[in-house]
Structures are given as structure tokens and as C-alpha cells.
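User: I am new to this structure and would like to go through it by question and answer. Please show it first.

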Amino acid sequence: MTNPANPKFTDVRMKGFGSRSTVEAAVAWIDSSLANANAVDPDRTEPCGLFELTGRILAKDIVSRINVPGFTRSMMDGFALRADETYGATAYNSLAFQVIGTSFPGRPFEGTVRSGTAVRIMTGAPMPDGADAVLPVEFTEWTENTLTAMAEVSVGKNVGAIGEDVADGSVLLKVGRVLRPQDAGVLSSIGCSSIPVVRRPVVRILITGNELLPAGTAPTGYQIADANGPMLKALVERDGGGQALPQFVKDDRSSLRAAMLEPADVILVSGGSSVGQEDHAPEILKELGTLAIHGIAMRPSSPAGMGQIGSTFVFLLPGNPVSCLCAYDFFAGRAIRGLGGRSLDWPYAKKDVVLTRKLVSTVGRVDYARVKISGTEAEPLAISGASVLSSTTQADGFIIIPADSEGLPPHSRVTAYLY
């Protein structure tokens, strides 16, 4: 079949899947394309304020230009004094000092500590001139004007030095860091109100299928509720993509073509990725850009495909929900994480487990098996059943059977990825 507007264009749907790409080849294409995308657009950054930065990716090293603290300060509530004058002080051999004032946080004592004197001081308050240690309040007895010391302290005891928290010129945070709440605090402490972060990739989710009802709608007749839209939106946000609301697109060529031309960093097409009469997405992607991969040697998700329209990544995800989840995790999620400056690896915790029964596979195909985990044992739930999404909610995670294996015998030790 040819396109009258382009005689050289062959309808890729007519080829079927006589030859499928390996998972490794698909991943290699993604990684290579990510490297090219970074070369074309090395400055994918935007400013981010302190109150919005948690979970964002730092775009450049942060170097402090000040010391924190910028003054010596007390680390305890107590009395600032000269350490050598406390030597020998005990509960049975107390020593007396004259209290000459108080140092508060933000309101230091203005005088100088001289021999035989002390200044009452609060945690975080500046150390007064002449004092070199702080005697904690629990080792004292005192009145307004008199201190009785019942323990000794060494020079520098309970005193925070200049730059003890952050030193001027030090690299505070390194590029690529996933920023945490405490990072916001330390950035504020050096006077940063806004820092450069990697821009979240713009992701558009196109839901195809005339049989679909909006998410959350009760199924009726021969129609079913969209399950992929809310699942993909949550996955995209987990992987650092910008908020993307699923968009329903009619199962006709012109509607899908127009939707695939709208700007984005990544486009996810849910459904219409196989070789059926209404599976327009592969044909449109090849026409508008490149269809780099179509058909992958894996179960589920074998109809998945990927390519680019200009610099936009396009992932063709099968409509069956488990296949959609699997293809997203293996391929689309990797690209979104990469474009957003995150680790390409799966964001799943791993656990070593032992299979309770065998899993059968086919050499040359990667299998994605859902498992139920109890302690260190993993019970396989399913490999097939691409439309049975409940198998992923009953499962605690999944294991991967590599392409060079005919399966796994009972009691095999494997790595489980935890949902």
C-alpha cells in the first residue's frame, strides 16, 4: 500500500512484525538519541525558587560565596568565658565569676570578657570578645550578677567556628543532584533565593481508541473506560516530566496526525501502535519523521514503537494496559528521565528473591513477569495477559527473564523490581 501523496512511502502496517528489534537495540537507540538531543540543546535549564525546588535536578554546581556562620557562635545555652580560668572546677571545687551581660542570637554582647568575668549566652548567639569557650548551664549555679562554675571546659568547647557549616568557596551542591528539602534550607543559608534547574520535559499523552470512555467512567455496552491515561500521567510525573493531561484523539489519520505535530519534548501515543486497520500511529510517525523501532522482541509490549519528529521523541505504546505500562517503563520513561537530567535507571527499589515455581520463556524474547513477594520468596502471577491490569496491582513487583533464557526453574534466585 502506498500513500498517493508520497509514492515512495510504504504503509508500515502491512509489514507486520516479521522481524522484531531487541530490547537492547531499542534502549541503545534511546540513549544515542538522548546524547544527540543534549548536544543540540545543552542549556535545558530554568530558574527555580527555594519553595519549589524539592525533587528538581540541579543544573550547575552551587559554590558558596560566604562563610556560614560568618561569626563564632555558641552551640549551647550557658556562659561564655575564658577556658583556662575553669581548670580544676568541680561540684566540690566550684569557681566564681562575675556575670557582666548577656549575648542573644542577633543581639551580641558589646563588651569584652576579661579575667574573672563571664557572659550569659544563648544557643546561636555570637561569642563575645575575649571568651574562647562556653560552659553549659547545667554545670553552673548563677544569679543575675554571679556565676558559680562546677566543671571545666577546654578552649573552643561548645563554640561554632566561622565557616563550620559552609566554607566560603566550597562546592555546596553538585550538578545533577536530585534536590531535597534540606537542600532548600542550606541554599537559603548562603543567600540563594533562586537556582538553575533542569527544565522538566514537556510530555503530551495522546489516547486513541473509539471504544474508550473518559477515565473514571463506568463501562457501558461495548465501550471501556480509559485506564492508560491516568496511569501514564502519574508515571510521567514520577519520572520528572511536566504535568501532562491525557488528550483523547479520534481513531482517524487526520486527527492523530494533527495531534502528533503539536509541540512537545516527548509524545506518548497510547493505542494504535500495531498493524491493524485503525493503527495509524506507525504510518504517521514514519511520514512525519523517523520510525526507528517498530515491534520489539518482548512480552508483553511487542507492538511498541519509537522514533522522532524533529527533536521530539515519539513512543508508540500498546493500548493493552499491562503492555502500555511495560513499554513505558522500558523505553518512554527512560527518555523522559534522561531529558530531565535524571538517572536513566528504573526508579524502583530492588530485592533479591527466590522463585516459588518455574517460569517458562522463549529464547530471543525478553519477558516481564509480575510477582507476589512474601519475605524472600516471589510467586509468579503472570507473563501474558496484556490487558489484565489488575495483575500489576496484585503484584508487588516484576522480574525480567532475559532473551537468552528459556525460562527460570523453581528456586531460582532473581532480582525483583518493586512497584
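**A loop proline and what surrounds the rest**

Analyst: Pro69 sits in the loop that runs between β4 (62-63) and β5 (73-74). Strands here are DSSP E runs of at least two residues and helices H or I runs of at least four, numbered from the N terminus. This is a predicted model, in which local features need pLDDT of at least 70 and side-chain atom pairs count only at pLDDT 80 or more, while totals for chains, interfaces and linings use all residues. Residues are numbered from 1 along each chain as its sequence is written, and side-chain values use heavy atoms, with hydrogens and water left out.

User: What is the omega of the peptide bond from Val68 to Pro69?

Analyst: Pro69 is the loop residue just placed between β4 and β5. The bond that leads into Pro69 from Val68 is cis. Its omega is near -5°.

User: Which residue in the loop between β21 and β22 has a positive phi although it is not a glycine?

Analyst: The loop between β21 (298-299) and β22 holds Pro300, and the peptide bond from Arg299 to Pro300 is cis, with omega near -5°. That loop also holds a residue with a phi of about 90°. This residue is buried, at a relative accessible area of 1%, where buried means under 20%, exposed over 50% and partly exposed in between (1.4 Å probe, protein chains only). The residue is Ser301.

User: Is Asn158 buried or exposed?

Analyst: Asn158 lies in the loop between β11 (146-149) and β12 (159-160). Its phi is near 65°, a positive value in a residue other than glycine. With a relative accessibility of 18%, Asn158 counts as buried.

User: Why do the buried residues of α4 lie on the same side of the helix?

Analyst: Helix α4 (residues 253-260) has Leu256, Ala259 and Met260 as its buried residues. They are on the same side of α4 because the arc they cover around the axis, taken from the directions from the helix axis to the C-beta atoms, is only 95°.

User: How far apart are the C-alpha atoms of Leu95 and Thr148?

Analyst: Leu95 belongs to strand β7 (residues 95-103) and is partly exposed, at 24% relative accessible area. Beyond its neighbours within four places in sequence, Leu95 is in contact (heavy atoms within 4.5 Å) with residues including Tyr87, Leu147 and Thr148. Leu95 and Thr148 are 53 residues apart along the chain, and their C-alpha atoms are separated by 5.6 Å.
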